[in-house]
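Open the model in your viewer and follow the stops below in order. Each one names a selection and says what is there.

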Amino acid sequence: KRISLDNWLPLPQEIGSIVERAITEDLGNGDITTDALVPQGLLGEGVIIAKEAGVVAGLPVAALVFQQVDPSLAFQEIAHDGDRTKPGDILATVKGRVAGILKAERVALNFLQRLSGTATATSRYVEAVGELPVRVIDTRKTTPGLRSLEKYAVRVGGGFNHRRNLGDGILV
């Protein structure tokens with residue numbers, strides 16, 4: 001059953017800032033291996049495949065990583081955030097300059113793996129409580145700088161968000 005996640009994504013400028021920091025951290029002064037070994041005009045295609053069963057989360061973030069590294073790359077979602085996957089399922093493809101794909105792939109996959117892992121774990125907890133009159137709710141115990149994305153992944157997995165920050169409500 002597909003759920004609408006449009007209102008659950010963090011603000012685009014917030015995602016852009018997170019992605020930009022991650023790319024800067026990974027690329028540093030450039031990718032000397034790719035620059036030395038991959039011809040600049042070489043075109044190719046990458047395929048993102050699920051290695052485990054789970055709930056996918058973070059495809060829009062992965063797409064943004066590829067776009068920020070090389071705006072000419074074409075990212076196509078095959079699956080969507082919230083979809084249940086099994087090993088071997090194709091989640092997305094990316095086409096264009098191989099150098100751009102290689103420079104972006106680790107950051108994109110890191111986001112996909114972390115957010116999908118959070119969504120998958122949340123979905124297991126939600127399934128475990130089944131029909132009980134309870135809800136699975138997250139906390140503020142998140143990775144610094146990634147709170148909005150991790151809370152998004154909890155929602156994708158069927159959980160609910162508690163407070164985003166200390167100013168969101170009183171806790172006694």
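In which hand, left or right, does H4 pass H5? H4 passes H5 in a right-handed crossing; a crossing is left-handed if the near helix is turned anticlockwise from the far one by less than a right angle, and right-handed if clockwise.

This is a predicted model, in which local features need pLDDT of at least 70, side-chain atom pairs count only at pLDDT 80 or more, and totals for chains, interfaces and linings use all residues. Residues are numbered from 1 along each chain as its sequence is written, and side-chain values use heavy atoms, with hydrogens and water left out.

**Whole chain.** Select the protein chain: 5 helices and 5 strands, in the order α-α-β-β-α-β-β-β-α-α from the N terminus. Helices (H or I, at least four residues) and strands (E, at least two) are DSSP runs, numbered from the N terminus. The C-alpha trace spans about 60 × 35 × 25 Å along its principal axes.

**H4 alone.** Select residues 98-129, the 32 residues of H4. From first C-alpha to last, H4 reaches 45 Å, close to the expected 46 Å (1.5 Å times one less than the number of residues). Centre on Glu105, where H4 has a kink of about 40°; the bend at a residue is the angle between axes fitted to the seven residues ending there and the seven starting there. Just after H4, Gly130 has a positive phi of about 40°.

**H4 with H5.** Add residues 147-156, helix H5. The axes of H4 and H5 are 7 Å apart, at an angle of about 45°. Axes are lines fitted to C-alpha atoms, for helices over the stretch in contact, and angles run from 0 to 180 degrees between N-to-C directions. H4 is therefore oblique to H5; angles under 35 degrees count as roughly parallel, over 145 as roughly antiparallel, 65 to 115 as roughly perpendicular and the rest as oblique. On H4, show residues including Phe111, Arg114 and Leu115, which meet H5 residues, among them Leu149, Glu150 and Ala153. Contact means heavy atoms within 4.5 Å.

**H4 with H3.** Swap H5 for residues 59-69, helix H3. The axes of H3 and H4 come within 8 Å and cross at roughly 160°, so the two helices are roughly antiparallel. Their crossing is right-handed. Val65, Phe66 and Val69 are among the H3 residues that meet H4, where the partners include Glu105, Phe111 and Leu115. This contact has 13 nonpolar, 1 polar and 2 charged residues (Ala, Val, Leu, Ile, Met, Phe, Trp, Tyr, Cys and Pro count as nonpolar, Asp, Glu, Lys and Arg as charged, and the others, Gly among them, as polar).

**Leu64.** Finish in H3 at Leu64, which touches Ile15, Gly16 and Val19, leaving aside residues up to four places away in sequence.
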